[in-house]
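User: I'd like a close look at one part of this model, the place where the barrel closes. Could you walk me through that spot and then tie it to what surrounds it?

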Amino acid sequence: MTGPNAAGRKYVPRPTGLNAEFYEAASGGALHLQRCSDCGRFRHPPRYYCAACGSGTYDWAQSDGQGLLFSWTVTHRAYDWGWADDLPYATGVVDIAEGVRVVGALEHVAPEELAIGLPVRAHLAPVEEGFVFISFRPR
Ligand SMILES: [Zn+2]
(Lines give C-alpha, C1' and ligand atoms only; values in the text may rest on other atoms or scores of the structure.)
Protein backbone atom coordinates (compact mmCIF):
# COMPACT_ATOMS: atom_id res chain seq x y z
CA MET A 1 0.00 0.00 0.00
CA THR A 2 1.25 3.47 -0.81
CA GLY A 3 0.03 6.87 0.28
CA PRO A 4 -0.12 8.82 3.49
CA ASN A 5 -1.67 5.98 5.51
CA ALA A 6 0.71 3.18 4.57
CA ALA A 7 2.30 3.33 8.04
CA GLY A 8 -1.03 3.49 9.88
CA ARG A 9 -0.96 7.23 10.35
CA LYS A 10 -4.32 9.01 10.28
CA TYR A 11 -4.94 11.20 7.28
CA VAL A 12 -4.96 14.89 8.17
CA PRO A 13 -7.09 17.08 5.87
CA ARG A 14 -5.75 20.37 4.56
CA PRO A 15 -8.83 22.62 4.67
CA THR A 16 -9.20 25.41 2.15
CA GLY A 17 -11.54 28.39 1.71
CA LEU A 18 -14.31 28.73 4.29
CA ASN A 19 -13.32 25.41 5.88
CA ALA A 20 -9.84 26.81 6.51
CA GLU A 21 -11.47 29.81 8.22
CA PHE A 22 -13.57 27.45 10.36
CA TYR A 23 -10.52 25.49 11.54
CA GLU A 24 -8.47 28.66 12.07
CA ALA A 25 -11.22 29.97 14.37
CA ALA A 26 -11.17 26.62 16.22
CA SER A 27 -7.38 26.45 16.51
CA GLY A 28 -7.46 27.70 20.10
CA GLY A 29 -9.50 24.67 21.16
CA ALA A 30 -12.98 26.22 21.21
CA LEU A 31 -15.74 25.60 18.69
CA HIS A 32 -16.57 28.71 16.67
CA LEU A 33 -19.61 28.87 14.41
CA GLN A 34 -20.21 31.03 11.40
CA ARG A 35 -22.83 33.66 12.23
CA CYS A 36 -24.60 35.99 9.80
CA SER A 37 -23.64 39.60 10.54
CA ASP A 38 -27.02 40.85 9.31
CA CYS A 39 -29.64 38.51 10.83
CA GLY A 40 -27.53 36.70 13.44
CA ARG A 41 -28.43 33.20 12.26
CA PHE A 42 -25.76 30.52 12.65
CA ARG A 43 -24.81 28.26 9.78
CA HIS A 44 -22.74 25.11 9.48
CA PRO A 45 -20.98 23.79 7.49
CA PRO A 46 -19.60 27.19 6.46
CA ARG A 47 -21.23 28.82 3.45
CA TYR A 48 -20.68 32.09 1.61
CA TYR A 49 -24.26 33.29 1.87
CA CYS A 50 -26.86 33.15 4.64
CA ALA A 51 -29.76 30.80 3.82
CA ALA A 52 -32.11 33.00 5.88
CA CYS A 53 -31.41 36.49 4.49
CA GLY A 54 -28.90 36.08 1.65
CA SER A 55 -26.23 38.21 3.28
CA GLY A 56 -22.60 37.52 2.46
CA THR A 57 -21.21 39.01 5.65
CA TYR A 58 -20.42 36.90 8.71
CA ASP A 59 -18.23 36.47 11.73
CA TRP A 60 -17.06 33.51 13.82
CA ALA A 61 -18.78 33.31 17.19
CA GLN A 62 -17.46 31.12 19.97
CA SER A 63 -19.81 28.35 21.07
CA ASP A 64 -19.64 26.37 24.29
CA GLY A 65 -20.21 23.33 22.08
CA GLN A 66 -23.20 21.97 23.97
CA GLY A 67 -25.73 19.95 22.08
CA LEU A 68 -27.84 16.82 21.86
CA LEU A 69 -26.93 13.73 19.90
CA PHE A 70 -29.11 13.62 16.77
CA SER A 71 -27.72 10.50 15.09
CA TRP A 72 -24.60 8.32 14.93
CA THR A 73 -22.91 5.39 13.28
CA VAL A 74 -20.47 2.87 14.72
CA THR A 75 -17.57 1.76 12.53
CA HIS A 76 -16.42 -1.81 13.08
CA ARG A 77 -14.14 -2.16 10.06
CA ALA A 78 -11.52 0.42 9.21
CA TYR A 79 -11.52 1.84 5.71
CA ASP A 80 -8.32 3.68 6.59
CA TRP A 81 -5.49 1.83 8.36
CA GLY A 82 -4.88 4.86 10.54
CA TRP A 83 -8.09 4.11 12.43
CA ALA A 84 -7.64 0.36 12.89
CA ASP A 85 -6.49 0.66 16.52
CA ASP A 86 -9.59 2.73 17.42
CA LEU A 87 -12.19 0.13 16.37
CA PRO A 88 -15.02 0.11 17.06
CA TYR A 89 -15.48 3.88 17.05
CA ALA A 90 -18.56 6.07 16.81
CA THR A 91 -19.18 9.18 14.74
CA GLY A 92 -22.13 11.39 15.55
CA VAL A 93 -24.24 14.26 14.30
CA VAL A 94 -24.99 16.71 17.10
CA ASP A 95 -27.71 19.37 17.30
CA ILE A 96 -25.74 22.31 18.68
CA ALA A 97 -27.64 24.75 20.90
CA GLU A 98 -27.11 27.56 18.34
CA GLY A 99 -29.29 25.67 15.87
CA VAL A 100 -26.77 23.94 13.60
CA ARG A 101 -25.62 20.33 13.30
CA VAL A 102 -21.96 19.41 13.65
CA VAL A 103 -20.33 16.05 12.89
CA GLY A 104 -17.66 14.68 15.19
CA ALA A 105 -16.26 11.61 16.86
CA LEU A 106 -18.08 10.33 19.96
CA GLU A 107 -15.66 9.76 22.84
CA HIS A 108 -15.85 8.62 26.47
CA VAL A 109 -19.07 6.70 25.80
CA ALA A 110 -19.53 3.06 24.82
CA PRO A 111 -21.40 2.53 21.53
CA GLU A 112 -24.20 0.66 23.35
CA GLU A 113 -24.75 3.69 25.61
CA LEU A 114 -25.43 6.07 22.71
CA ALA A 115 -28.97 7.42 22.54
CA ILE A 116 -30.83 10.05 20.59
CA GLY A 117 -30.90 13.20 22.69
CA LEU A 118 -27.79 12.31 24.72
CA PRO A 119 -26.41 15.62 26.07
CA VAL A 120 -22.86 16.13 24.78
CA ARG A 121 -20.24 18.83 24.60
CA ALA A 122 -17.66 19.45 21.89
CA HIS A 123 -14.01 18.77 22.57
CA LEU A 124 -11.54 20.21 20.07
CA ALA A 125 -8.00 18.92 19.76
CA PRO A 126 -5.60 20.68 17.38
CA VAL A 127 -3.85 18.01 15.26
CA GLU A 128 -1.66 20.08 12.97
CA GLU A 129 -1.63 23.68 11.91
CA GLY A 130 -4.85 24.25 10.01
CA PHE A 131 -6.80 21.26 11.32
CA VAL A 132 -8.60 20.49 14.58
CA PHE A 133 -10.11 17.09 15.44
CA ILE A 134 -13.69 17.54 16.69
CA SER A 135 -15.22 15.08 19.09
CA PHE A 136 -18.18 15.08 21.47
CA ARG A 137 -18.28 13.69 24.99
CA PRO A 138 -21.26 13.14 27.32
CA ARG A 139 -21.91 15.99 29.76
ZN1 LIG B 1 -28.64 36.26 7.60
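Analyst: Let's start at the seam. Strand E4 (residues 66–75) and strand E7 (residues 119–128) are paired antiparallel, with 3 bridges between them. One of the residues involved is Gln66, whose bridge partner in E7 is Arg121. Keep in mind that this is a predicted model.

That pairing belongs to a closed barrel of 5 strands, in the order E4-E5-E6-E8-E7 and with mixed pairing. On average, neighbouring strands in this sheet are turned by 45 degrees against each other, ignoring direction.

Staying on E4 for a moment, have a look at Val74, which sits in that strand. Is Val74 buried or exposed? Neither, quite: Val74 counts as partly exposed because it has 15 C-beta neighbours inside 10 Å, and a residue needs 20 or more to be called buried. Leaving out residues up to four places away in sequence, Val74 touches Pro88, Ala90 and Pro111. Leu114 is 40 residues away from Val74 along the chain, yet their C-alpha atoms are separated by 9.9 Å.

Now go round the barrel. E5 and E6 run antiparallel and are joined by 6 bridges; among the paired residues are Val93 and its partner in E6, Val103. These two strands make a hairpin with 4 residues between them, and Gly99 in the turn has a positive phi of about 100 degrees. From there the sense of pairing switches: E6 and E8 are parallel, over 2 bridges. Here Leu106 has Phe136 of E8 as its bridge partner.

Phe136 is a good way into the interior. The largest nonpolar core has 15 residues, and Val94 and Phe136 are the ones with the most contacts inside it. Which elements feed this core with at least two residues each? They are helix H1 (17–26), E4, strand E5 (89–96), strand E6 (101–106), E7 and strand E8 (131–138). E5 gives the largest share, 3 residues. As a general matter, nonpolar side chains in soluble globular proteins tend to be buried together.

The neighbours of Phe136 also lead back to the seam. Setting aside residues within four places in sequence, Phe136 is in contact with Gly92, Val94, Gly104, Leu106, Val120, Arg121, Ala122 and His123. Arg121 is familiar from the start, as the bridge partner of Gln66.

Away from the barrel there is a second sheet, an open one of 3 strands in the order E2-E1-E3, with antiparallel pairing. Strand E2 (42–43) and strand E3 (58–62) are at its edges with a single partner strand each, so one side of each has no neighbour in the sheet. Strand E1 (residues 32–36) and E2 run antiparallel and are joined by 2 bridges, with Gln34 partnered by Arg43 of E2.

Stepping back, the protein chain has 1 helix and 8 strands, in the pattern α-β-β-β-β-β-β-β-β along the sequence. Its C-alpha atoms fill a box of roughly 45 × 35 × 25 Å along the principal axes. Of its 139 residues, 18% count as buried. Among contacts in the protein chain with a separation of 6 or more, 52% come from residues 24 or more positions apart.

Notes
Residues numbered from 1 in each chain as written. Predicted model: local features only at pLDDT ≥ 70, side-chain atom pairs only at ≥ 80, totals over all residues. Pairing = 2+ DSSP bridges. Axes fitted to C-alpha atoms, helices over the stretch in contact; angles between N-to-C directions. Buried ≥ 20, exposed ≤ 12 C-beta atoms within 10 Å, placed from the backbone. Contact = placed C-beta atoms within 7 Å. Core = buried A, V, L, I, M, F, W, Y, C linked by C-beta atoms within 7 Å.
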